[in-house]
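User: Could you take a close look at one part of this model for me, the loop with the cysteines, and then show me how the rest of the chain is put together around it?

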Amino acid sequence: MPREWDESDVRIRPNKKGSRPRTKDRPAHQDALIGRIITVDRGRYTAIVDEATDQERTLVAARARELRRSPVVVGDFVALVGDVSGEPDTLARLVRIEQRRTVLRRSADDSDPVERVLVANADQLVIVVAAASPEPRTGFIDRALVAAYDAGIEPLLLITKTDVKEPTALLEHYQQLDLKILLSRTTAEQAASGSARLVSDAVQQLHAELDGKVSVLVGHSGVGKSTMVNALTGSQRATGGVNTVTGRGRHTSSSALALRLEAAAPGSWIIDTPGIRSFGLAHVDANRILHAFEDLEPGIADCPRGCRHDEAAPECGLDAWVAGGQAGQGGPARLISYRRLLSAIRAVQ
Ligand SMILES: Nc1nc2c(ncn2[C@@H]2O[C@H](COP(=O)(O)OP(=O)(O)OP(=O)(O)O)[C@@H](O)[C@H]2O)c(=O)[nH]1
Ligand SMILES: [Zn+2]
């Protein structure tokens with residue numbers, strides 16, 4: 001029966017060329033498989049696909065030519081095409097990097113402003129220091145806190161070797177900061193025997209904090225990071241499966257490696273960072289680092305206009321803030337830490 005066309009009819013009328021958009025309008029590789037990058041080694045990217053299903057497998061991929069200039073890092077979700085069987089000696093093609101939820105960055109040091117992405121999509125940064133041997137350095141912790149703040153990820157401080165020394169001074173220093181702190185230790189006999197068995201309470205507490213999340217661990221050499229990572233992951237580095245690709249022997253050039261948290265919800269990963277010992281912060285705006293010092297931050301309310309908050313700043317509100325005890329007993333030391341970091345970053349900006 002004839003009738004009049006109106007605008008709504010026009011809209012639902014099928015496209016003359018068919019309902020499929022033309023190739024160039026379609027997102028490339030729509031049917032690609034999405035994988036999680038667990039390690040990067042000499043241009044080869046190891047990904048987990050179909051994670052937490054019975055199809056789960058590990059495969060190795062190389063970047064497509066058009067991604068040559070786009071760094072792919074541990075924690076990235078990527079689109080994979082080609083041979084995605086994961087069979088030995090196969091190589092998939094990595095054609096796209098999915099949008100990153102968080103990005104942990106650093107510059108190699110403050111004087112090298114080249115900013116590098118270290119890890120993508122992490123939820124948490126676990127800063128590992130020892131109560132003693134090596135002595136904890138608040139400068140390292142503060143830098144890591146700024147990096148976590150900059151990345152928009154949650155920091156957590158893990159103090160190891162509390163059997164060797166009580167971390168009283170360190171706890172005092174961070175007392176007024178809203179920072180989650182966990183302690184771990186071995187029994188003295190075990191430490192003396194050289195095979196550190198961590199007390200299970202400490203491991204379980206950290207496990208609970210990591211369950212369901214992607215966490216990056218950073219710390220100086222010798223603080224007991226590997227000991228803790230092994231306790232949480234069951235030494236996946238050393239034996240079969242995923243480990244042929246991620247095992248220590250073959251893992252030479254990458255600075256990060258994702259390991260699965262044992263006995264945890266799917267998607268719980270620990271990213272170890274053996275090659276990362278420092279956090280250059282040249283890429284972070286000096287005016288923003290105070291946000292990582294929440295215990296001091298309210299003190300700038302009374303600063304004169306344009307105050308630079310450094311030692312030379314006349315009548316900086318931070319001096320009165322810590323002198324008045326508002327940042328707690330550790331306040332004066334915290335202010336020194338803040339100003340030291342501030343001047344290091346300003347010196348290169
Ligand atoms: N007393 C004591 N010793 C520990 C503890 N945790 C680790 N250790 C010992 O500290 C030493 C260094 O531990 P690692 O786990 O290798 O340290 P790391 O941070 O991984 O160091 P790198 O491998 O150099 O990166 C080892 O001899 C451990 O047995 C602890 O809680 N208490
Ligand atoms: Zn000020």
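Analyst: Cys307 sits in the loop between β13 and α8. This is a predicted model, so take everything here as read from computed coordinates. With 15 other C-beta atoms within 10 Å, Cys307 comes out as partly exposed, because the buried class starts at 20 and the exposed class ends at 12. Setting aside residues up to four places away in sequence, Cys307 is in contact with Ile300, Ala313 and Cys316.

Cys303 is found in the loop between β13 (269-272) and α8 (317-323). Cys303 has 19 C-beta neighbours inside 10 Å and so counts as partly exposed; the cut-off for buried is 20. Its contacts, again without residues up to four places away, are His309, Cys316 and Gly317. Cys316 therefore turns up in the contact list of Cys303 and in that of Cys307, and the contact cut-off is 7 Å between C-beta atoms. As for annotation, an unreviewed UniProt entry lists Cys303, Cys307, His309 and Cys316 under "binding site".

Now for the wider setting. The chain is divided into domain 1 (33-97), domain 2 (103-272) and domain 3 (286-346). The centres of domain 1 and domain 3, taken over C-alpha atoms, are separated by 45 Å. In total there are 9 helices and 13 strands, and 35% of the 349 residues count as buried. Of the contacts between residues at least 6 apart in sequence, 65% join residues at least 24 apart.

Ile300, one of the contacts of Cys307, also gives a handle on distance: Asp211 and Ile300 are 89 residues apart in sequence and 37 Å apart in space, C-alpha to C-alpha. Asp211 belongs to the loop between α5 (200-210) and β11 (214-219). It is partly exposed, with 14 other C-beta atoms within 10 Å, and beyond its sequence neighbours up to four places away it touches Leu261, Ala264, Ala265 and Ser268.

Helix α9 (residues 331-346) has α8 among its packing partners. Its buried residues are Gly331, Arg334, Leu335, Tyr338, Leu341 and Ile345. They cover an arc of only 130° around the axis, which puts them on the same side of α9. An α-helix has 3.6 residues a turn, so residues three or four places apart point the same way. The buried residues of α9 pack against α2 (138-151), α3 (168-173) and α8. As for its length, the 16 residues should span 22 Å at 1.5 Å a residue, and the end C-alpha atoms of α9 are 22 Å apart, which agrees.

β13, at the other end of the cysteine loop, is packed against by another helix, α6. In α6 (residues 225-233) the buried residues are Lys225, Met228, Val229, Ala231 and Leu232. They take up an arc of only 160° around the axis, which puts them on the same side of α6. Besides β13, they pack against β8 (124-130), β9 (154-160), α5, β11 and β12 (257-260). Right after α6 comes Gly234, with a positive phi near 65°.

Leu198 ties in with α6 as well. Leu198 lies in the loop between α4 (188-192) and α5 and is buried, with 22 other C-beta atoms within 10 Å. Not counting residues up to four places away, Leu198 touches Ser184, Thr186, Val203, Thr227, Met228 and Ala231; Met228 and Ala231 are among the buried residues of α6.

For a strand, try β6 (residues 103-107). Leu104 and Arg106 point to one face and are buried, while Val103, Arg105 and Ser107 point to the other and are not. β6 runs antiparallel to β7 (residues 115-120), and 5 bridges join them; Val103 stands opposite Ala120 in β7.

A few backbone oddities to finish. Most residues other than glycine have a negative phi, and most peptide bonds are trans. Ser133 and Pro134 are joined by a cis peptide bond, with omega about 0°, and Pro134 is in the loop between β8 and α2. Asp50, not a glycine, has a positive phi of about 50°, and Ala52, also not a glycine, has one of about 65°. Asp50 is in the loop between β2 (44-49) and β3 (57-63), and Ala52 is found in the loop between β2 and β3. Asp50 is partly exposed, with 14 other C-beta atoms within 10 Å, whereas Ala52, with 10 C-beta neighbours inside 10 Å, counts as exposed.

Conventions
Residues numbered from 1 in each chain as written. Chains lettered and ligands numbered in written order. Predicted model: local features only at pLDDT ≥ 70, side-chain atom pairs only at ≥ 80, totals over all residues. Helix = DSSP H or I, 4+ residues; strand = E, 2+ residues; numbered from the N terminus. Contact = placed C-beta atoms within 7 Å. Pairing = 2+ DSSP bridges. Domains from an automatic or database assignment. UniProt positions renumbered as here; feature names shortened; annotations may be inferred. Arc of directions from axis to C-beta. Expected span 1.5 Å × (residues − 1).
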